[in-house]
Amino acid sequence: FAFGEWAKSAHGPPHLVGAQASVFCDVAQTFEHSGHTVVVGTVIAAIYQEAVRPLLYENGGFARSAVLQ
């Protein structure tokens, strides 16, 4: 949390202001696989910015998104 602008969330953890999206989850289950802990969550809230365009990578290169009509 040393970089960026962080805000308190009503859902628990802080979120990065201006991020494309922030998803808040409750932990539903955890399990071990190949030396890693896998966490499965239930989404309780989401914040998203429509004005920010996502970074996409497709067919070996960067791509731009477009609104579908």
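This is a short talk about the fold, two buried serines and one aromatic pair in a predicted model of a protein.

Let me begin with the overall picture. The protein has six strands and zero helices, so that, read from the N terminus, the elements simply run β-β-β-β-β-β. The radius of gyration is 16 Å, well over the 11 Å that the globule rule gives for 69 residues, and the protein is therefore more spread out than a compact globule. Along the principal axes, the C-alpha trace spans about 40 × 35 × 30 Å. Of the 69 residues, 9% are buried, and the accessible surface comes to about 6,100 Å², with 57% of that belonging to carbon and sulfur atoms. If we take the contacts between residues at least 6 apart in sequence, 21% of them join residues at least 24 apart.

Next, the hairpin. Strand β3, which covers residues 21–33, runs antiparallel to strand β4, residues 36–48, and 12 bridges join the two. One of the residues in this pairing is Ala21, whose bridge partner in β4 is Tyr48. Two residues lie between the strands of this hairpin, and Ser34 there takes a positive phi near 50°.

Now to the serines, and the question I would put to you is this: is Ser22 buried or exposed? Ser22 sits in strand β3, and its relative accessibility is 12%, which is under the 20% cut-off, so Ser22 counts as buried. Setting aside neighbours within four places in sequence, the residues in contact with Ser22 are His15, Leu16, Ala45, Ala46 and Ile47.

The other serine, Ser9, belongs to strand β1, residues 6–9, and with a relative accessible area of 14% Ser9 is buried as well. Which residues does Ser9 contact, leaving aside its neighbours within four places in sequence? They are Pro14, His15 and Phe24, and His15 is therefore a residue that we have already met in the list for Ser22. A polar atom of the Ser9 side chain also lies 2.9 Å from the backbone nitrogen of His11.

Finally, the aromatic residues. A search of the whole structure finds one aromatic pair, formed by Tyr57 and Phe62, with 5.3 Å centre to centre and 75° between the planes, an edge-to-face arrangement. Both Tyr57 and Phe62 are exposed, whereas the two serines I described, Ser9 and Ser22, are buried.

Note on methods. Residues are numbered from 1 along each chain as its sequence is written. This is a predicted model: local features need pLDDT of at least 70, side-chain atom pairs count only at pLDDT 80 or more; totals for chains, interfaces and linings use all residues. Side-chain values use heavy atoms; hydrogens and water are left out. Rings of Phe, Tyr and Trp (its six-membered ring) pair if their centres lie within 6.5 Å; planes under 30 degrees apart count as stacked, over 60 as edge-to-face and the rest as tilted. Buried means under 20% relative accessible area, exposed over 50%, partly exposed in between (1.4 Å probe, protein chains only). Helices (H or I, at least four residues) and strands (E, at least two) are DSSP runs, numbered from the N terminus. A polar contact is a pair of N or O atoms within 3.5 Å; within protein, one must be able to donate a hydrogen and the other to accept it, and residues adjacent in sequence count only if both atoms are side-chain atoms. Contact means heavy atoms within 4.5 Å. Two strands pair if DSSP finds at least two bridges between them. The radius of gyration is taken over C-alpha atoms; the globule rule is 2.2 Å times the number of residues to the power 0.38. Accessible areas come from the Shrake-Rupley method with a 1.4 Å probe; for residues, only the protein chains shown count as cover.
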